[in-house]
Amino acid sequence: MKVLYTDIKERTLLNVPGYEEPVEFGLLTSFAYPLEGDLGEIVVATTRIETMLGDTAIAIHPEDKRYSHLHGKFAIHPFNGRKLPIVCDDILVDMNFGTGAVKITPAHDPNDFEVGQRHKLEFISIFTDDGNINSNAGPYFEGMPRFKARVAVTEALKEKGLYRGAKNNEMRLGICSRSNDVVEPLIKPQWFVNCKIMAKQALDAVVDEDNQKLEIIPKQYAAEWKRWLENIRDWCISRQLWWGHRIPAWYVTLSDDKQKEFGVSDDHWIVARNEEEAQDLASRKFLGKKIVEISQDPDVLDTWFSSGLFPLSVLGWPDNTADFKTFYPTSVLETGHDILFFWVARMVMLGIKLGGDLPFSKVYLHPMIRDAHGRKMSKSLGNVVDPLEVINGITLDGLHKRLKEGNLDAKEFERAKEGQAKDFPDGIPECGADALRFALVSYTAQSDKINLDIQRVVGYRQWCNKLWNAIRFAMSKLGEDYTPPTKIVPREMPFSCQWILSALNKAIARTVSSLESYDFSDAATAVYSWWQFQLCDVFIEVIKPYFTGDNPEFVSARRSAQDTLWLCLDNGLRSLHPFMPFVTEELWQRLPASGDSIKKESIVISDYPSYVESWNNDNVEAGMEKVSSIVKGLRSKRALLPPKERFARREAFVLCRTNDIVEIIKSRELEISTLTTLSSLKVSSDTDAAPTQWLTEVVDESITVFLEDKGTIVNPEAEVERLKKKREETRKQYETLTKTMSTSGYKEKVRANVHEENTLKLGALKQELESFEENIERLIRQMEAL
């Protein structure tokens, strides 16, 4: 249930459940209160005239000269003779609005409630729980439905000559979403917990820098923690619901009580663990008096109070059980940031008070999931995504059917159907649990909200298929009789094997570091990037020549490639397992066991991969970075070819600035040729040897690549213009960085490592400009020679 608000501009008749005739709203009714003595009257106005039966004061502004003679005086209630004090209140009253006098009904208006507390007024409730007038309003009105009493009070005021008219008034009317009835503020007896001391302890646990005991992740939520706990109020822990933990309090009715209604006397309550204990305590408290009845309060505990005891109750508290001694306090709590105060703070406060210690030392707060458009998920919008429907898939008709099973009205149902048809025109495809899990983890970098796009989940499902196919290919290269190595020496392996193990090592280190710092998105990205862009896109492709032909060199490298593949699959699947538990379990079970250990029953109980110092090789990674740059440059040129010619083998030429780079690139001809499907590759530092009218790409400051063109693409003039355009783009970057580094105070403001990086980048940009100039001049000479 929720409260829906309707804006009313003027006098409006509305149908209200339980009333045959429409009820009048949108009127401001004025009436007069007689003043004691011969002081005349004071006029007030209200949109709920019936609540005047519970008025206990009239408020004026202390600086309003019209009423300065009434300070400390009283008005007289026309129906019961009750004296209403005239109080001065500069918080509520605006002396320039209306008459400048405000009727105060503390029991039926939130603002009046606060006035009642400030001035210690009487709180008189005039409504029963079913919306009728109770005995506090007097015998004439008792038993009337509230809106019939509205008419009756107006007529009674007219009869007494106190009615002063009504006029249109804009107002917001609260309507119950379930019953469509008008919501009525009521004051009800409640149970409260004083939280000041507990809140101070919970606050210090987070903000005390010298003795911080509780870490909130992400850190920005510590400010919200501080805002809530510094402004703590008494906590109302009682709820008028039909379910929940009963309040452990019993009301005692005595034979000599003047009022025997349940709960009317605040001093008749007994708090106890059970009824037997309550009986015993009541007998001692009311010694010598006859107890008629003892009844447990029908109210239940606030849900957050019950759930706030969770870390304690699940371990057997209040008994000092073995589980409680062993596992309390716990370590990490993971939950949504929207209940940081409602649940987390309550657990911390109750844990300190009742358990003697914080219930946990870290709190990780995940983002809240919204739809792809950033809207909060709502049944009435039709944008609620059920995880099971993403895992198993569902048709559009199935989504509509789910809506029908809800409690939407006709208008909400049609709007929700329209929203579903727009967002999921073909329903939701089956994605599986792993794809959904990985997508949600990847999304955690999105601040405090996740705008969930199902197509992104579909993308990860397709990646699961690619993962499966890649491992199936790799397993075929291992062979049925393959036995994993007991020991490897990376530096004795081929270049590509050294590189992938070093890259795997870096990925493992980054993943572990990110997991330890609760940066789950970065951890997922590290694992995904290694699998996708290094293992699948490069290593598996570059080792294919080792498994074809009888070249002695390839045969000797084949075993190293197999061992490296096995290491990659084993470590890679174990790294990926927390993010994709099901597909990794299935694939890992198919891997042969290592020769030096017994394979565990499940990947879930296997050790998580760790950094291996001997696998690290920065020089090899730098060499592969050069290879990747060349491959990227050649592939970008292939993309310009007609579709039918893009996969045909072609010649390539790599122009290097120095002979040292020539030797490095020549040693990597196999990898470059394999990754770019070349028929031959020539590497030289001789500018004049560069081919004429081939597709050209400046890779970096030291390398330019050329791809054979058979007259289908290159226009020399167009190629010169393209190179000039790229030269200007590089020149702008060079000039911008030069300007930045020459500004006043640059060296003092910028960290040393940043200054070093910028210096290196500036040198690289300068060399790239020179490469562009050389290639443009070369092309121009070739065009002139033709």
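How many salt bridges does the structure hold? In this predicted model, the structure holds 36 salt bridges, and several of them are described in the close-up views below, together with surface patches, cysteines and backbone details.

**View 1. Lys200 and Asp204 pair within helix H3.** The side chains of Asp204 and Lys200 form a salt bridge in which the closest N and O atoms are 2.6 Å apart. Both residues belong to helix H3, which spans residues 196–207, and they are four residues apart, about one turn of the helix. Asp204 counts as partly exposed at 26% relative accessibility, and Lys200 is also partly exposed, with a relative accessible area of 48%.

**View 2. Asp280 and Arg284 meet in a salt bridge, with both residues in helix H5.** The N to O distance between the side chains of Arg284 and Asp280 is 2.6 Å. Because the two residues are four residues apart in helix H5 (residues 275–285), about one helical turn separates them. Arg284 counts as exposed, at 56% relative accessibility, whereas Asp280 is partly exposed, with a relative accessible area of 40%. Elsewhere, Arg48, Arg146, Asp181 and Glu184 are joined into one network by salt bridges that share partners.

**View 3. A salt bridge joins Arg239 to Asp302.** Side chains of opposite charge can pair when their charged atoms come close. Here the side chains of Arg239 and Asp302 meet at 3.6 Å, N to O. The pair links distant parts of the chain, 63 residues apart, with Arg239 in strand E15 (residues 238–239) and Asp302 in the loop between strand E19 (300–301) and helix H6 (303–308). Asp302 is buried, with a relative accessible area of 5%, while Arg239 counts as partly exposed at 29% relative accessibility.

**View 4. Val3, Tyr5 and Val183 form a nonpolar patch on the surface.** Together, these three residues have about 260 Å² of accessible area. Val3 is found in strand E1, which covers residues 3–8, and is partly exposed, with a relative accessible area of 34%.

**View 5. Lysine and arginine side chains gather in a patch of positive charge on the surface.** The members of this patch are Lys2, Arg178, Lys376, Lys379 and Arg415. Arg415 has its place in helix H12, which runs over residues 410–423, and counts as partly exposed at 44% relative accessibility.

**View 6. Cys497 and Cys568 are shown in a structure that holds zero disulfides.** Why is Cys497 not bonded to Cys568? The closest cysteine sulfur to that of Cys497 is in Cys568, at 8.3 Å, and this is too far for a bond, because a disulfide is a pair of cysteine sulfur atoms within 2.5 Å. Seen from the other partner, the sulfur of Cys568 likewise has its closest cysteine sulfur in Cys497, at 8.3 Å. Cys497 is buried, with a relative accessible area of 0%, and Cys568 counts as buried at 0% relative accessibility.

**View 7. Cis peptide bonds precede Pro218 and Pro329.** Most residues other than glycine have a negative phi, and most peptide bonds are trans. The peptide bond from Ile217 to Pro218 is nevertheless cis, with omega near 0°, and Pro218 has its place in the loop between strand E13 (215–217) and helix H4 (221–230). The peptide bond from Tyr328 to Pro329 is cis as well, again with omega near 0°, and Pro329 is found in the loop between helix H8 (322–327) and strand E20 (332–336).

**View 8. Lys120 and Tyr518 have positive phi values.** Phi of Lys120 is near 55°, a positive value in a residue other than glycine, and Lys120 lies in the loop between helix H1 (110–119) and helix H2 (146–159). Tyr518, which is not a glycine either, has a positive phi of about 65° and is found in the loop between helix H15 (495–516) and helix H16 (520–542). As to their surroundings, Lys120 is exposed, with a relative accessible area of 74%, whereas Tyr518 is buried, with a relative accessible area of 16%.

Note on methods
Residues are numbered from 1 along each chain as its sequence is written. This is a predicted model: local features need pLDDT of at least 70, side-chain atom pairs count only at pLDDT 80 or more; totals for chains, interfaces and linings use all residues. Side-chain values use heavy atoms; hydrogens and water are left out. Patches are made of residues with over 30% relative accessible area and no salt bridge: like charges are joined within 9 Å, nonpolar side chains (Val, Leu, Ile, Met, Phe, Trp, Tyr) within 5 Å. Accessible areas come from the Shrake-Rupley method with a 1.4 Å probe; for residues, only the protein chains shown count as cover. A salt bridge is a side-chain nitrogen of Lys or Arg within 4 Å of a carboxyl oxygen of Asp or Glu. Buried means under 20% relative accessible area, exposed over 50%, partly exposed in between (1.4 Å probe, protein chains only). Lys and Arg count as positive and Asp and Glu as negative; His and the chain ends are not counted. The place of a charge is taken as NZ of Lys, CZ of Arg, CG of Asp or CD of Glu.
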